[in-house]
Amino acid sequence: MTDTLNETGGDLLAGQPLRIVERDGVRYTLLGTAHVSAASVQAVEQAIGSGRYDAVAVELDPQRLQALTNPDALAQLDLIEVIRKNRIALFAANLALAAYQRRLAEQLGIEPGAELKRAVVLAQEHGLPVHLIDRDVGLTFRRASQRLGFIGKLKLVAGLGAGLFSSEDVGEDEIEKLKQGDMLESSFGEFASESPALYESIIGERDRYMATRLREERTDTQRNVLAVVGAGHLAGLARYLETDTEAPGPLRQALEAVPKKRNVPWVTLTILAVVLAGIGVGFWKGGMDMGAHMLATWALYTGGLAGLGALLAGSHPLSILTAIVVAPFKPFRLSIPTGAFAALVETRLRRPAYRDFLQLRDDAQTLKGWYRNRVTRVVLTFMLTNIGSMLGLWLTGFTVYGKLV
C-alpha cells in the first residue's frame, strides 16, 4: 500500500488524499474526497476521464443514489406503508439529513455529494461498471440506534433536530471537519464524535462494509478499480481492504444484520402495573366511586395529552379525536404507538399531494414548512401524539402512586 500517485501515472490526482491497495490481483485506487468541494468533482472527472480504470465504486447505497439523481423519488413514497411498518422515525431522520445537505448546498454553492453523483454519471458514460459499496442508510440508523441507551437516543434526536430547524449558516469549523469527515457523521452534530457507539456504526462499520463490498465485487475483468469515498473513510477502508481475511459474503450479511432485541419496555410496564394496581386497589378499598375516579384520571391524562400533542401538530380534528380515544388503551397494544393511529388517520384525511413531496426538502428546513407541508405534518402528528401519550402515562402513574401511598 502506498499514499503516493507516482505508480498511477504522475500527478494526475496530485494533492488529493489517496491510498492504493493491491489485493487478489486487483489494484484499488481509493480516492478520498470532500463532499462539499469543487476540487473533488474535478479530481473525479480527471480520474475517470484518464481511461485507466476498469470499474468505479462509490460511497453510495441505492437509496442515496436515487436521492441524488432523481429529485422526484420522494413523490413515489407510500406514506401509509411507512407508518404501518413503523418507519416514521427513520423517515424523519432522512428529512433531517436532507435539510442539512440543502443548507450546505445553499451556503457553499455546491450540492453535497456532487463528486459521488458525477462519478456515477461519468462511469456510465464511459461504459464502466458502477459498484454502490456503502451500506443502506436505514440499516446504519437502526444499528446505531440499537447501540444507544435511552439518554443516547434523546441526544441523537436532539442533534438531528438542531440540524433540522437551524437557520444559521454552517460554521467554518464544521465545514472543515466535513471536508475530512463524513456526511452522516456531520449531520448528527457533535454527539457523533462524543459517542463511541454511534461513531462505530456510522464510520467504523461502514469502513469495513465498503472494503467487504469491494472484495465481493471482484472479477477477473476488473483489475483496476477506482473507489470514490469521503476522506474520513480513507484510512479505515484501506486498512480493512488490506487485512480482512473473512469471506466477504458472510461478513457483509453480518454487517447488515439488525439483531431483533427482546425490547421489553420495562419502564412502561412498571408504570402500567402501578396504574392498574392502583385502580384495582381503588375499587377494592374505595368502592366504585374511587375506582371510577382513577379510571377517569387515566383516560383524562393519557387521552387528553395525546390529543393535545396532535393539536399542537396542527392535525385534523378527527386525528385529534383518534389520539384521545386510542391513548387510554395503551395496555392492550404495547407494541403499537398511539401516534401511529393518529398519523394514519391524518394521512387518510389529508392525503399528501404530489406538490408536497416535491417541496419536501425545502419545507423540511423550517418549522413553518413542517406545518405547511402535509407529509411533514404527518410526522409531527406521529411524534407529538406519542410524546403526549407518554407524558400522560407518566403523570397518571405518579398520581395513582401518590394516592396509594
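**Close-up views of a predicted model**

**Figure 1. Arg118 and Glu45 meet in a salt bridge through their side chains.** The N to O distance is 3.0 Å. This structure is a predicted model. Arg118 belongs to helix H5 and Glu45 to helix H1, so the pair ties together parts that are 73 residues apart in sequence. Arg118 is partly exposed, with a relative accessible area of 29%. Glu45 is also partly exposed, and its relative accessible area is 31%. Side chains of opposite charge can pair when their charged atoms come close.

**Figure 2. A salt bridge joins the side chains of Glu59 and Arg206.** The N to O distance is 3.0 Å. Glu59 sits in the loop between E3 and H2. Arg206 sits in helix H11, which covers residues 196–216. The pair therefore ties together parts that are 147 residues apart in sequence. Are these two residues buried or exposed? Both Glu59 and Arg206 are buried.

**Figure 3. Glu216 and Arg213 form a salt bridge within helix H11.** Their closest N and O atoms are 3.1 Å apart. Three residues separate the partners in sequence, about one turn of the helix. Glu216 is partly exposed, with a relative accessible area of 28%. Arg213 is buried, at 12%; the cut-off for buried is under 20%. The pair is part of a network of salt bridges that links Arg213, Glu216, Glu217, Arg252 and Glu256. A search of the whole structure finds 19 salt bridges.

**Figure 4. The largest nonpolar core has 21 residues.** Which of them touch the most other members? They are Ile48, Val56, Val58, Leu60, Ala119, Leu226 and Val228. Several elements each supply at least two residues of this core. Three are strands: E1 (18–23), E3 (55–58) and E5 (224–230). Three are helices: H1 (38–49), H2 (62–69) and H5 (114–125). Helix H5 gives the most, with five residues.

**Figure 5. Val58 and its contacts beyond its sequence neighbours.** Neighbours within four places in sequence are left aside here. Val58 is then in contact with Leu116, Ala119 and Val120. Its contacts also include His131, Leu132, Ile133 and Asp134. Val228 is another contact of Val58. Val58, Ala119 and Val228 are among the residues that touch the most other members of the largest nonpolar core.

**Figure 6. Another core, of 19 residues, lies apart from the largest one.** Among its residues are Ala313, Val375, Val379 and Leu380.

**Figure 7. Arg239 places its charged end over the ring of Tyr240.** The charged end is 5.0 Å from the centre of the ring. How many aromatic pairs does a search of the whole structure find? The search finds zero.

**Figure 8. The whole protein has 20 helices and five strands.** The protein has 405 residues, of which 48% count as buried. Consider contacts between residues at least 6 apart in sequence. Of these contacts, 77% join residues at least 24 apart. The protein exposes about 19,200 Å². Carbon and sulfur atoms supply 57% of that area.

Definitions and conventions: Residues numbered from 1 in each chain as written. Predicted model: local features only at pLDDT ≥ 70, side-chain atom pairs only at ≥ 80, totals over all residues. Heavy atoms only, no water. Core = buried A, V, L, I, M, F, W, Y, C linked by side-chain atoms within 4.5 Å. Buried < 20%, exposed > 50% of the residue type's maximum accessible area, 1.4 Å probe, protein only. Helix = DSSP H or I, 4+ residues; strand = E, 2+ residues; numbered from the N terminus. Contact = heavy atoms within 4.5 Å. Phe/Tyr/Trp six-rings, centres within 6.5 Å; stacked < 30°, edge-to-face > 60°. Lys NZ or Arg CZ within 6 Å of the ring centre and 35° of its normal. Areas by Shrake-Rupley, 256 points an atom, 1.4 Å probe, with all protein chains shown as cover. Salt bridge = Lys/Arg side-chain N within 4 Å of Asp/Glu carboxyl O.
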